[in-house]
Amino acid sequence: MRDEKLYWFSGQHIAYEIEMCARAAHLVLAFAPERHSVTNALLESYALHLRNLIEFIYRKPRLDDVNAIHYVCDREAWIAARGEVPAYLKVVKDRADKQVAHLTKKRFSGDAPEKQWSPVEEIGALMPSLQVFMERARPELLHANVANALAELAALVQPRTKEN
């Protein structure tokens with residue numbers, strides 16, 4: 001994809017994934033104790049957007065995928081700085097795959113504790129790699145919407161002060 005298209009793609013699609021993850025997480029946290037079809041839809045939205053961001057950062061792109069690696073200056077340095085997928089995020093992605101994205105015999109039933117999502121912890125685990133991505137990306141390829149969306153996501157996991 002040409003640089004101009006990557007720029008516009010980031011402003012529309014990458015920013016959207018980050019924004020939707022943040023907004024769905026915020027609503028999940030607001031309605032956490034309730035379980036009904038609306039909160040299930042919020043949980044599914046959150047899990048899918050979180051999953052997409054994990055894949056954007058860590059998965060090797062296939063065919064027509066757009067991936068973090070398309071945005072960085074030095075691919076080898078990016079991979080080294082990003083590191084491997086943290087074990088916790090592997091579990092999170094696998095949960096999203098099994099609980100939301102695929103019909104599988106491994107879905108949890110009822111109120112199984114394994115069905116619980118923890119947006120603050122999950123997003124907190126992903127933020128370091130998203131921040132490394134922002135540091136390593138070619139600035140001319142990232143639309144301002146990406147930084148704005150990332151600030152919204154980061155606000156969910158920043159330590160709370162008395163003023164918050």
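Contact means heavy atoms within 4.5 Å. The model is predicted: local features need pLDDT of at least 70, side-chain atom pairs count only at pLDDT 80 or more, and totals for chains, interfaces and linings use all residues. Residues are numbered from 1 along each chain as its sequence is written, and side-chain values use heavy atoms, with hydrogens and water left out.

**Exercise 1. Place Y88 and list what Y88 touches.**

Step 1. Find the element. Y88 lies in helix 4, residues 87-101. Helices are DSSP runs of H or I with at least four residues, strands are runs of E with at least two, and both are numbered from the N terminus.

Step 2. Check exposure. Y88 is partly exposed because its relative accessibility is 36%. Buried means under 20% relative accessible area, exposed means over 50%, and partly exposed is in between (1.4 Å probe, protein chains only).

Step 3. List the contacts. Leaving out residues up to four places away in sequence, Y88 touches E121, E122 and A125.

Step 4. Compare sequence and space. Y88 and E122 are 34 residues apart in sequence, and their C-alpha atoms are 8.1 Å apart.

**Exercise 2. Describe how helix 3 packs on helix 5.**

Step 1. Choose the descriptors. Two packed helices are described by the angle between their axes and the distance between the axes. Axes are lines fitted to C-alpha atoms, for helices over the stretch in contact, and angles run from 0 to 180 degrees between N-to-C directions.

Step 2. Read the values. The axes of helix 3 (residues 75-82) and helix 5 (residues 119-136) come within 10 Å and cross at roughly 155°. That makes helix 3 roughly antiparallel to helix 5. Angles under 35 degrees count as roughly parallel, over 145 as roughly antiparallel, 65 to 115 as roughly perpendicular and the rest as oblique.

Step 3. Assign the hand. The crossing of helix 3 and helix 5 is right-handed. The rule: a crossing is left-handed if the near helix is turned anticlockwise from the far one by less than a right angle, and right-handed if clockwise.

Step 4. Name the residues. Helix 3 brings A77, W78, A81 and R82, which meet S129, V132, F133 and R136 of helix 5. The residues of this contact divide into five nonpolar, one polar and two charged. Ala, Val, Leu, Ile, Met, Phe, Trp, Tyr, Cys and Pro count as nonpolar, Asp, Glu, Lys and Arg as charged, and the others, Gly among them, as polar.

**Exercise 3. Describe how helix 6 packs on helix 5 and on helix 1.**

Step 1. Start with helix 5. Helix 5 and helix 6 (residues 144-155) pack at about 155°, with axes 11 Å apart. The pair is therefore roughly antiparallel. Their crossing is left-handed. I123, M127, L130 and M134 of helix 5 make the contact with V146, A147, L150, L153 and A154 of helix 6. The division here is nine nonpolar, no polar and no charged.

Step 2. Turn to helix 1. The axes of helix 1 (residues 3-30) and helix 6 come within 8 Å and cross at roughly 10°. These two helices are therefore roughly parallel. Helix 1 residues including G11, I14, I18 and A22 take part in the contact, with helix 6 residues including V146, A149 and L153. This contact divides into nine nonpolar, three polar and three charged.

**Exercise 4. Find the salt bridges and their network.**

Step 1. Count. The whole structure holds ten salt bridges. Each is a side-chain nitrogen of Lys or Arg within 4 Å of a carboxyl oxygen of Asp or Glu.

Step 2. Take R51. R51 pairs with E55, the closest N and O atoms being 3.8 Å apart. Both lie in helix 2 (residues 37-58), four residues apart, about one turn of the helix. R51 and E55 are buried.

Step 3. Take R59. R59 pairs with D65, with closest N and O atoms 2.7 Å apart. R59 is partly exposed at 24%, and D65 is partly exposed at 25%.

Step 4. Join them. R51, E55, R59, D65, K93 and D97 are linked in a network of salt bridges.

**Exercise 5. Examine the backbone at L63.**

Step 1. Recall the background. Most residues other than glycine have a negative phi.

Step 2. Read the angle. Phi of L63 is near 40°, a positive value in a residue other than glycine.

Step 3. Set the scene. L63 sits in the loop between helix 2 and helix 3. L63 is exposed, with a relative accessible area of 91%.
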